Amino acid sequence: MPKVLMKGNEAIAEAAIRAGCLNYFAYPITPQSEVAEYLSWRMPEVNGVFLQGESEVAVSYMIFGAAGAGVRVFTTSSSPGISLMSEAISYLCGAQLPAVFVNIMRGGPGLGGILPSQADYLQATKGIGHGDCRLLVMAPASVQEAAEMVMTAFPLAEKYRNPVMILGDGLIGQMMEPVEFPDQLKSEASNKDGWATNGMDHRGSTTRNLVKSLFLDAEQLNDNNLILRAKYERMKKEDVRWECWNTEETYDALIVSYGTMSRVCKTAISMLKEEGIEVGLVRPQTLFPFPEQAVRQAAQKEGCRVVLSVEMSMGQMVEDVERCVQGALPVKWYGKCGGDVPTPEEIIDLVKTTLSSL
Amino acid sequence: MAKTFKKPDCMTDQKTHYCPGCTHGIIHRLVAETIDELGIRGRTVGIAPVGCAVLAYNYIDCDFQEAAHGRAPAMATGIKRVRPDLMVFTYQGDGDLASIGMGEIIHAANRGEKFTTIFVNNAIYGMTGGQMAPTTMPNQRTTTTPFGRKSDEVGMPIRVAELLGTLVTPGYITRQTVISPKYIQKAKRAIKQAFIYQMEKRCYSLVEVLSTCPTNWGMTPQDALQWVQDVLMPYYPLGDVKVPDSEKVTEAAAGTAN
């Protein structure tokens, strides 16, 4: 298929359909409403389901119901909307239901703003809902990568019977870039007859299925949490993804950055190279599981004197970076989260100032 | 000898956890009988609420999902939209539906979602221990209104059936009770009719059932039944609030944006 020029939000919408997900429920919120607008006409074309719910709370439970009935389903929202969905996300984790949530982040806290942000990192990776629940979180850095991550999110959600989140900043949703939808990323939905409430007749069974997250017995609840924990540990082994950039040779500093912010960092690193300053980059593509080993090894490279976590937040991912570096090197944070993306010049200045201060 | 009265196929053998004198068991049975008689058990999905009936799936034997508090109508919407061939019902209490879930029930009813709600109204929160519900009667004592519900502070009880009856979208909205065999038979007919409207893809359907909570009302089962008759029924009148044919509302009659 040839490349087409698409806005990120529209590419995310189309990617879900190409991945074989024909069910979408959503509530409008800037800066991702284009997904719902696109799918309001596109879903009927493919005999899919489109419904605008009355709130993010309701939408997240429509997702629960549909996922529990055994179909591929997804929704898109932005930061305040995801907060409202977090209740249902916890229930989805507890009941082990696969679904895909896209968060096109805007600034917070509260109503915050509508400009790009990465300030939902901790919410997505560590505090998405009550109880011991985790999401597999993927962070795209381009429209193309957003489309590919959406397409891979559905089979991953089914592999783990757990929600998967695509965590993009507002720029990923709003900017236009060429994109193609790789045929090889299409996948067949897994057989869900073992647990889905899809009707006994439908699965030719005489025993009913229950979708639930209530375990009043302490031992049973602990057992359910052990099952969930085992899945999260398996994610760390099998589905952690990252990109290393300019790390072949030695470097004076290492930047850890993801999403749109990582692209600005790459530009800054290229400009620094011309001045003879080498900086490596690790770009987490999954935020949970976090590429712990990649960050640790890159930080341990001989000659590297400092690690910089550059993010559009007031210092969230830096907690994971510090955890990985384990005190071997100084770890610094740099970021903004009002909606302005730090410029390459700011990053260059940051690197030079930091190196000269060591 | 042939059995003429037996346990519905759609009920399990488990004894319920409901208190003596609670009418949940009767209402469960009416739902199960309806599923049996319509022959739909193999394509029915129930949604259990948060509240005393959260374990309804231990007794009603078909596919079930368990909701968060108040969210059952949104989950039913999700199931029904992606699998219109399934028969879907929510079973909700008054704290669940009329308080925390008021938004979800109004919008599901207004969209005309083709599922059925069994709304059990006993004027109190049962499972959490007898707190005030939006349906609690004026001056009724609960654990959070120890001096009686004061209407000037928290308003009058909400009549859910009448409230949903104001929606222009066609629907079947009725209020019944199960305090004696006469009323049980009427409630059964209403529940079956509600499921039939769903089967025919006609409309959203809700059966409100005035129920008892002897434990939290602090009454004997007999007194509780009498209290439904003397106190609840005058304020919550029985009967159909709305049937799908009662208003021939079409987009043409209402006027459209175009």
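## Working through a two-domain chain and its partner

Chain A splits into domain 1 (4-238) and domain 2 (242-357). Keep in mind that this is a predicted model. Grab the structure and try these.

### Exercise 1: the two domains

Work out how domain 1 and domain 2 of chain A meet, and which residues of domain 1 supply the most buried area.

**Solution.**

- Start with the spacing: the centres of the two domains of chain A, taken over C-alpha atoms, are 29 Å apart.
- Next, list the contacts, counting heavy atoms within 4.5 Å. You should get 32 residues on the domain 1 side and 25 on the domain 2 side.
- Now the area: domain 1 and domain 2 of chain A bury about 2300 Å² between them, and 55% of that is on carbon and sulfur atoms.
- Then break down domain 1's share. A:Gln118, A:Tyr121 and A:Ala141 supply 30% of the area it buries against domain 2, more than any other three residues.
- Finish with the charges: there are three salt bridges between these domains.

### Exercise 2: testing two salt bridges

Decide whether A:Arg283 with A:Glu145, and A:Arg208 with B:Asp61, pass or fail as salt bridges.

**Solution.**

- You need a cut-off here: a side-chain nitrogen of Lys or Arg within 4 Å of a carboxyl oxygen of Asp or Glu.
- Take A:Arg283 and A:Glu145: their side chains come to 2.8 Å, N to O, and that pair is a salt bridge.
- For A:Arg208 and B:Asp61, the closest N and O atoms are 3.6 Å apart, and this one is a salt bridge too.

### Exercise 3: chain A against chain B

How many residues of each chain are in contact, and how much area do chain A and chain B bury?

**Solution.**

- Contacts first: 34 residues of chain A touch 33 residues of chain B.
- Buried area comes to about 2600 Å² between the chains, with 59% on carbon and sulfur atoms.
- The salt-bridge count between chain A and chain B is four; A:Arg208 with B:Asp61 is a salt bridge between these chains.

### Exercise 4: the largest pocket

Describe the largest pocket by its volume and its lining.

**Solution.**

- The volume of the largest pocket is about 420 Å³.
- Its lining has 23 residues, and those closest to the centre are A:Tyr91, A:His130, A:Ser213, A:Leu214 and A:Leu221.
- Look for elements giving two or more residues to that lining: you'll find α4 (79-95) and α8 (218-238) of chain A.
- Sort the lining by class and you get 13 nonpolar, eight polar and two charged residues.

### Exercise 5: backbone oddities

Find where A:Pro31, A:Pro289 and A:Asn246 sit, and check their backbone geometry.

**Solution.**

- A:Pro31 is in the loop between β2 (23-26) and α2 (33-45) of chain A. The peptide bond leading to it from A:Thr30 is cis, with omega near 10 degrees.
- A:Pro289 falls in the loop between β13 (286-288) and α10 (292-300) of chain A. Here the bond from A:Phe288 is cis as well, with omega near 0 degrees.
- A:Asn246 belongs to the loop between β10 (242-245) and β11 (253-256) of chain A. Its phi is near 60 degrees, a positive value in a residue other than glycine.

Definitions and conventions
Residues are numbered from 1 along each chain as its sequence is written. Chains are lettered from A and ligands numbered from 1 in the order in which they are written. This is a predicted model: local features need pLDDT of at least 70, side-chain atom pairs count only at pLDDT 80 or more; totals for chains, interfaces and linings use all residues. Side-chain values use heavy atoms; hydrogens and water are left out. On a 1 Å grid over the protein atoms alone, a cavity is a set of points where a 1.4 Å probe fits but cannot get out, and a pocket is an open set with protein on both sides within 12 Å along at least five of seven lines; lining residues have an atom within 4 Å of a point. Grid points are joined across faces, edges and corners, and a volume is the space filled by probe spheres set on the points. Helices (H or I, at least four residues) and strands (E, at least two) are DSSP runs, numbered from the N terminus. Ala, Val, Leu, Ile, Met, Phe, Trp, Tyr, Cys and Pro count as nonpolar, Asp, Glu, Lys and Arg as charged, and the others, Gly among them, as polar. Domain bounds come from an automatic or database domain assignment. Buried area is the accessible area (1.4 Å probe) that two parts lose on being put together, summed over both.
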